[in-house]
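Let us walk through this structure step by step. We start where two chains meet, then turn to single residues.

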Number of protein chains: 6
Amino acid sequence: MPRPDQRAPEQLRPVKITRGWLDHAEGSVLVEFGRTRVLCAASVEESVPRWRKGSGLGWVTAEYAMLPRATNTRGARESVRGKIGGRTHEISRLVGRSLRAVVDFKALGENTITLDCDVLQADGGTRTAAITGAYVALADAVGWLRERRSLKRDPLTGSVAAVSVGIVDDEPRLDLCYEEDVAAGTDMNVVVTGTGDFVEVQGTAEGAPFDRGLLDRLLDLAVLGGAELTELQRKALAG
Amino acid sequence: MPRPDQRAPEQLRPVKITRGWLDHAEGSVLVEFGRTRVLCAASVEESVPRWRKGSGLGWVTAEYAMLPRATNTRGARESVRGKIGGRTHEISRLVGRSLRAVVDFKALGENTITLDCDVLQADGGTRTAAITGAYVALADAVGWLRERRSLKRDPLTGSVAAVSVGIVDDEPRLDLCYEEDVAAGTDMNVVVTGTGDFVEVQGTAEGAPFDRGLLDRLLDLAVLGGAELTELQRKALAG
Amino acid sequence: MPRPDQRAPEQLRPVKITRGWLDHAEGSVLVEFGRTRVLCAASVEESVPRWRKGSGLGWVTAEYAMLPRATNTRGARESVRGKIGGRTHEISRLVGRSLRAVVDFKALGENTITLDCDVLQADGGTRTAAITGAYVALADAVGWLRERRSLKRDPLTGSVAAVSVGIVDDEPRLDLCYEEDVAAGTDMNVVVTGTGDFVEVQGTAEGAPFDRGLLDRLLDLAVLGGAELTELQRKALAG
Amino acid sequence: MPRPDQRAPEQLRPVKITRGWLDHAEGSVLVEFGRTRVLCAASVEESVPRWRKGSGLGWVTAEYAMLPRATNTRGARESVRGKIGGRTHEISRLVGRSLRAVVDFKALGENTITLDCDVLQADGGTRTAAITGAYVALADAVGWLRERRSLKRDPLTGSVAAVSVGIVDDEPRLDLCYEEDVAAGTDMNVVVTGTGDFVEVQGTAEGAPFDRGLLDRLLDLAVLGGAELTELQRKALAG
Amino acid sequence: MPRPDQRAPEQLRPVKITRGWLDHAEGSVLVEFGRTRVLCAASVEESVPRWRKGSGLGWVTAEYAMLPRATNTRGARESVRGKIGGRTHEISRLVGRSLRAVVDFKALGENTITLDCDVLQADGGTRTAAITGAYVALADAVGWLRERRSLKRDPLTGSVAAVSVGIVDDEPRLDLCYEEDVAAGTDMNVVVTGTGDFVEVQGTAEGAPFDRGLLDRLLDLAVLGGAELTELQRKALAG
Amino acid sequence: MPRPDQRAPEQLRPVKITRGWLDHAEGSVLVEFGRTRVLCAASVEESVPRWRKGSGLGWVTAEYAMLPRATNTRGARESVRGKIGGRTHEISRLVGRSLRAVVDFKALGENTITLDCDVLQADGGTRTAAITGAYVALADAVGWLRERRSLKRDPLTGSVAAVSVGIVDDEPRLDLCYEEDVAAGTDMNVVVTGTGDFVEVQGTAEGAPFDRGLLDRLLDLAVLGGAELTELQRKALAG
């Protein structure tokens with residue numbers, strides 16, 4: 001099975017990061033990984049959750065969700081079903097954890113930044129696009145706080161980006177689209193910092209269990225992709 | 001209080017209707033009324049709800065929702081709160097009812113078209129933008145069915161559009177933005193067909209009750225605005 | 001289709017307003033519009049919702065609900081289903097908004113009056129009966145506060161009543177019963193003050209969209225019915 | 001502490017059973033035990049729950065609920081809170097179980113009768129009033145089925161009524177009102193058949209545990225009260 | 001039908017009370033009535049619910065639940081269904097009420113003890129085992145408080161235990177297992193103090209209503225069984 | 001920080017696998033990793049979820065939960081809160097996915113096996129204990145099906161076990177207890193097959209991001225621990 005869009009195995013889809021897509025949010029990004037399109041909005045609140053009050057520390061959290069028709073077939077709304085599904089919960093937690101890895105909460109002070117990552121269109125890699133875009137929205141929200149002189153020093157200790165890798169037809173591939181994701185025997189989401197370290201490694205054998213050699217090749221590919229995304233984030237924030 | 005964007009009282013905000021904004025949906029529109037931005041996705045399902053099975057009749061329904069940071073201050077997600085609020089329920093019902101007014105369910109056959117109207121950014125008039133955009137998405141979904149030869153005849157008996165009108169500083173104004181909406185003493189949402197008839201009239205005295213004369217002036221204004229929107233829909237569908 | 005109870009088109013059903021139907025509530029009314037029977041209870045609480053604390057302003061709110069066997073066929077309880085339906089939400093909001101239109105919140109002071117409107121039996125027009133009865137219960141609750149010298153001046157700036165009108169067999173009719181409501185092409189609920197001004201106008205084309213002439217005739221009829229209900233409320237409160 | 005309404009210890013409050021209080025329900029009763037007022041509606045459905053299909057057996061079930069202002073202080077609606085409280089659950093189950101004790105499900109055939117017991121006003125003994133009234137509504141629903149010749153033989157094997165007893169100031173008392181209920185050290189609800197047998201005995205030591213002698217005196221009193229209620233039910237059904 | 005385990009009618013199943021089954025809880029008991037196995041954990045919190053704050057009084061409450069595969073056929077989790085069933089509610093309330101009957105809340109001071117009774121395996125009598133075990137866990141939690149010198153005097157005014165009795169094949173039997181419970185015409189749960197007084201008596205005619213003579217024989221049997229369980233609790237606490 | 005229980009860094013806690021802990025379940029295991037204690041029950045249902053009907057394929061799923069007092073401080077029940085938390089969702093999905101990696105669904109036929117993993121006591125590594133124990137319960141349930149001759153061939157294609165590894169004080173350690181888990185900078189859960197391949201790798205930088213060298217050392221340690229657990233599972237199943 002060749003790649004549906006003729007990419008090389010180690011090639012990302014066209015990635016587009018549009019800052020300031022919303023007028024109200026303190027930071028906002030429309031991030032596109034090919035046809036996957038995620039709207040990331042950063043909201044600043046000048047307070048922290050109850051359990052963190054008086055600690056002098058800030059907080060960063062995230063909520064991930066999908067519009068009902070982001071996917072090929074319409075899915076029921078979680079608000080209508082009255083509960084959040086396991087997948088949504090899992091990804092929201094992953095996005096929040098990933099961003100918190102590069103935040104100095106003391107420098108942030110008692111502010112909360114919430115990242116809403118809403119998938120407008122899904123074609124594989126929505127969680128990695130969400131993390132990659134959310135970092136840029138977070139950086140903009142931090143900039144907004146800095147401009148208002150609400151921060152003593154930079155609360156960002158680095159940058160963070162994420163990418164998926166997987167084995168399709170025995171070939172390690174970078175940044176799977178939905179069609180490839182379904183076909184992949186092994187599937188891995190890797191969150192890396194701008195300096196190439198790991199924040200999160202999540203690999204799953206969808207089909208046959210995988211050995212150490214394969215795992216190593218996937219990690220290599222992910223580090224490569226992560227570096228490219230870091231560069232794209234840097235350019236977007238410089239632009 | 002002059003209009004925040006210097007419009008004449010009987011002038012709409014810049015309206016933009018972008019068809020085909022999504023790749024998966026059978027019909028999709030990004031509709032903009034000034035800064036208000038609503039994504040309308042039409043999903044076709046080749047079946048009907050249980051209570052309508054075997055009737056030979058189709059169904060059209062709608063779900064309206066707002067992204068948490070569509071507004072100036074972040075709102076809690078209804079999926080997280082575990083229930084849908086009254087306002088969301090009310091508008092979802094209004095959108096569905098408005099669209100059904102121009103559908104011949106016999107011609108549609110046992111198909112269901114669901115219109116998801118998700119407010120990406122809110123600046124007043126989200127329900128009227130939703131109805132106006134959803135009609136165009138519905139028309140595209142009907143076109144999709146027609147191309148697949150799933151329809152014997154056109155299930156659309158007309159077009160439908162909606163606009164808000166209100167009294168601000170004793171002046172009847174068309175298409176209120178959020179700032180005006182808050183200031184308005186009386187506020188009315190009017191859904192009209194392409195032939196200028198009424199589908200829904202919802203007027204509310206936010207401040208002092210209003211008399212018949214005022215009501216008449218507001219209706220006049222709404223009919224005017226509805227005609228303009230109808231023309232914009234026509235152009236968008238022709239384009 | 002003649003009126004099921006032989007009324008003239010512009011005639012209300014027999015309306016009965018029984019005050020003090022409950023022993024505990026600060027105000028209570030059993031209101032009957034023909035076979036439609038709604039129990040309206042006003043509860044006074046000497047505090048206001050959190051978002052209004054310290055403002056010096058009072059609050060009036062309403063909750064509408066139906067007993068499971070109010071209708072011809074038993075409906076499931078919303079408490080058992082675990083969520084409130086859209087229709088219930090919509091009407092609760094309408095009742096609250098209508099009553100607030102005649103309340104001076106400064107005069108009320110930091111008190112909350114909650115109007116519970118529970119439909120014991122439904123035969124069309126439950127929301128209009130609810131508003132008409134709730135106003136009387138509200139007036140009694142205000143009287144209760146006055147007697148306890150908790151108010152400096154009268155918080156009621158007027159009275160409010162509501163009535164439905166609709167087109168059945170091309171004939172505009174006042175105060176539709178359930179059978180007529182189902183048959184009506186256009187259906188309108190109108191909330192008017194005791195001085196004949198409009199608080200809320202909600203018209204819906206159930207069948208074909210309606211033109212301005214029809215709308216005008218329906219509004220005329222509603223104003224007429226509203227005046228009659230106002231007189232009945234006045235008599236009940238005087239009695 | 002004397003009885004608030006000067007009754008003798010072994011005296012019931014004035015009991016009133018009004019049949020046919022609703023127009024739609026197959027059986028309906030407004031039952032009053034003093035100021036306690038419960039509306040009991042019996043709904044017949046010509047089918048049974050899934051787990052009973054094809055068994056040839058019918059089903060009888062009950063739902064108990066309280067209007068928010070039935071009580072002295074307004075309580076939150078269970079539909080609004082999104083869940084049913086433990087007390088409501090418990091009483092609904094008790095009412096259903098009590099009625100099923102006198103039903104021959106084979107004679108009922110695959111029909112379901114649902115008893116909705118809605119407390120319009122509460123002054124102690126709402127569950128016993130509910131059972132007592134629900135039996136009469138059930139009998140009327142059975143009569144309705146019999147008239148439609150849907151039954152081969154009488155599915156009622158007896159009658160059922162319920163009464164509360166308790167110890168106040170060391171005195172066993174029958175049919176406690178709310179004020180007494182609160183003051184009672186021991187509180188017992190007893191469901192008896194028309195022939196004086198027990199269907200359910202629920203005694204609770206609210207204060208000090210009670211001994212066998214006291215239990216016996218309370219049971220004696222309950223049997224007495226049950227016989228009176230049986231007679232009142234008989235008269236109501238004969239009337 | 002002979003007893004499935006050849007017991008005499010007035011014989012308890014082998015009862016085993018294992019204290020300290022958990023490492024974290026302030027008191028914990030694995031209680032076994034034959035194959036019925038309930039884990040009772042007592043948790044001490046040095047505060048009371050909001051409605052009791054500042055009263056100087058403590059609180060004791062309980063939550064009962066069943067693991068999905070405690071029963072012969074797997075049951076759905078209440079957390080997954082999103083609501084607690086009526087039976088669970090009912091038993092949780094019964095356990096809490098029973099324990100509170102032997103607690104002096106003034107002596108407890110503003111502490112809350114929560115008893116979690118989780119049924120690991122069910123074979124009839126889970127609620128009676130829960131009460132019997134929970135009392136021992138409660139006593140241990142009180143001991144824990146005493147050791148920390150948080151109590152002025154003993155808050156336990158007595159002990160409490162519970163047992164089921166029922167009529168199977170016209171024979172009154174003590175401590176029914178599941179098979180007998182299903183077959184029983186009448187079923188009674190009795191909560192008694194260590195001095196043989198009643199805290200709660202709940203008898204239900206599952207089949208034919210029962211007469212006073214039968215009721216008396218069941219109560220005799222229950223008092224007997226209660227005394228034996230009291231002795232077993234005493235031994236466990238002494239051990 | 002030395003290990004709280006003096007273990008060597010590459011040493012597992014004492015692991016105990018008790019089969020047949022429950023009488024009703026088709027397979028059941030009480031698994032202990034030190035003080036962590038998880039009850040795993042396998043339930044066989046001779047049908048499959050709706051979306052799999054008619055496929056000839058079986059299904060394996062899992063639900064993970066914690067008793068309220070499994071932890072050091074009591075946690076609220078998810079059934080009482082009315083929703084399942086993100087962590088519970090995430091782990092339930094992980095356990096199910098891990099087990100499915102070694103199941104041949106064609107060989108299983110249209111049967112469903114549900115693994116309930118209930119944490120009775122938590123001291124770190126509850127998810128890894130759950131997976132390790134659940135595999136043994138699954139094997140027993142498969143044995144039960146085989147004995148009833150419901151299977152043509154063995155649906156288990158291998159075994160699966162899981163272990164946590166982490167960096168504490170710069171030292172890679174195997175099988176962290178709660179105290180170490182909290183202190184760990186990086187934390188990884190690894191699911192391996194009996195042949196040493198990976199089914200799932202989940203690594204998270206709780207503190208500083210980690211580099212490739214560290215990741216490799218953690219994976220080495222996990223493979224080692226996995227092999228030991230595999231051997232313990234083998235022995236338990238042989239015993």
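Chain F and chain E each bring 35 residues to their contact, where contact means heavy atoms within 4.5 Å. This is a predicted model, in which local features need pLDDT of at least 70, side-chain atom pairs count only at pLDDT 80 or more, and totals for chains, interfaces and linings use all residues. Residues are numbered from 1 along each chain as its sequence is written, chains are lettered from A and ligands numbered from 1 in the order in which they are written, and side-chain values use heavy atoms, with hydrogens and water left out.

How much area is buried between chain F and chain E? The value is about 3,100 Å², and carbon and sulfur atoms give 49% of it. Buried area here is the accessible area (1.4 Å probe) that two parts lose on being put together, summed over both. Three residues stand out on the side of chain F: H24(F), R69(F) and R77(F) supply 24% of the area that chain F buries against chain E, more than any other three residues.

Charge also plays a part in the count. Twelve salt bridges link chain F and chain E. A salt bridge is a side-chain nitrogen of Lys or Arg within 4 Å of a carboxyl oxygen of Asp or Glu. One of them joins E63(F) to R77(E), with the closest N and O atoms 2.8 Å apart. There are also 24 residue pairs in polar contact between the two chains, both residues being at pLDDT 80 or more. A polar contact is a pair of N or O atoms within 3.5 Å; within protein, one must be able to donate a hydrogen and the other to accept it, and residues adjacent in sequence count only if both atoms are side-chain atoms.

Which elements of chain F build the side that touches chain E? β3 (36-45), β4 (59-66), α1 (78-81) and β5 (112-121) each supply at least two residues. Helices (H or I, at least four residues) and strands (E, at least two) are DSSP runs, numbered from the N terminus. The residues on this side divide into 16 nonpolar, eight polar and eleven charged. In this split, Ala, Val, Leu, Ile, Met, Phe, Trp, Tyr, Cys and Pro count as nonpolar, Asp, Glu, Lys and Arg as charged, and the others, Gly among them, as polar.

Now for the symmetry. Two copies of a chain are related by a rotation about an axis and a shift along it. Chain F superposes on chain E after a rotation of 180° with 0.0 Å of shift along the axis, at an RMSD of 0.0 Å. The two copies are thus related as by a two-fold rotation axis. The fit is by least squares on the C-alpha atoms of residues with pLDDT of at least 70 in both copies. S79(F) comes closest to the axis of the residues of chain F, with its C-alpha at 1.8 Å. The same surface serves both copies, as 100% of the contact residues of chain F recur in chain E.

Next come chain B and chain A. A rotation of 180° with 0.0 Å of shift superposes chain B on chain A. Their contact takes 35 residues from each chain. They bury about 3,100 Å² between them. Twelve salt bridges cross this interface, including one between R77(B) and E63(A) at 2.7 Å, N to O. Why do these copies meet through the same surface? The reason is that 100% of the interface residues of chain B are also interface residues in chain A.

Some chains stay apart. Chain A and chain D do not touch, and their nearest C-alpha atoms are 10 Å apart. Chain B and chain E do not touch either, with nearest C-alpha atoms 10 Å apart.

Now look at single residues. S164(F) lies in strand β6 (residues 160-168) of chain F. Is S164(F) buried or exposed? S164(F) counts as buried, at 4% relative accessibility. Buried means under 20% relative accessible area, exposed over 50%, and partly exposed in between (1.4 Å probe, protein chains only). The side chain of S164(F) reaches the backbone nitrogen of L176(F) at 3.2 Å.

Last, the backbone. Most residues other than glycine have a negative phi. D175(A) has a positive phi near 55°. D175(A) sits in the loop between β7 (171-174) and α5 (178-183) of chain A, and is buried at 0% relative accessible area. Q6(C) also has a positive phi, of about 60°. Q6(C) is found in the segment before β1 (15-19) of chain C, and is exposed at 70%.
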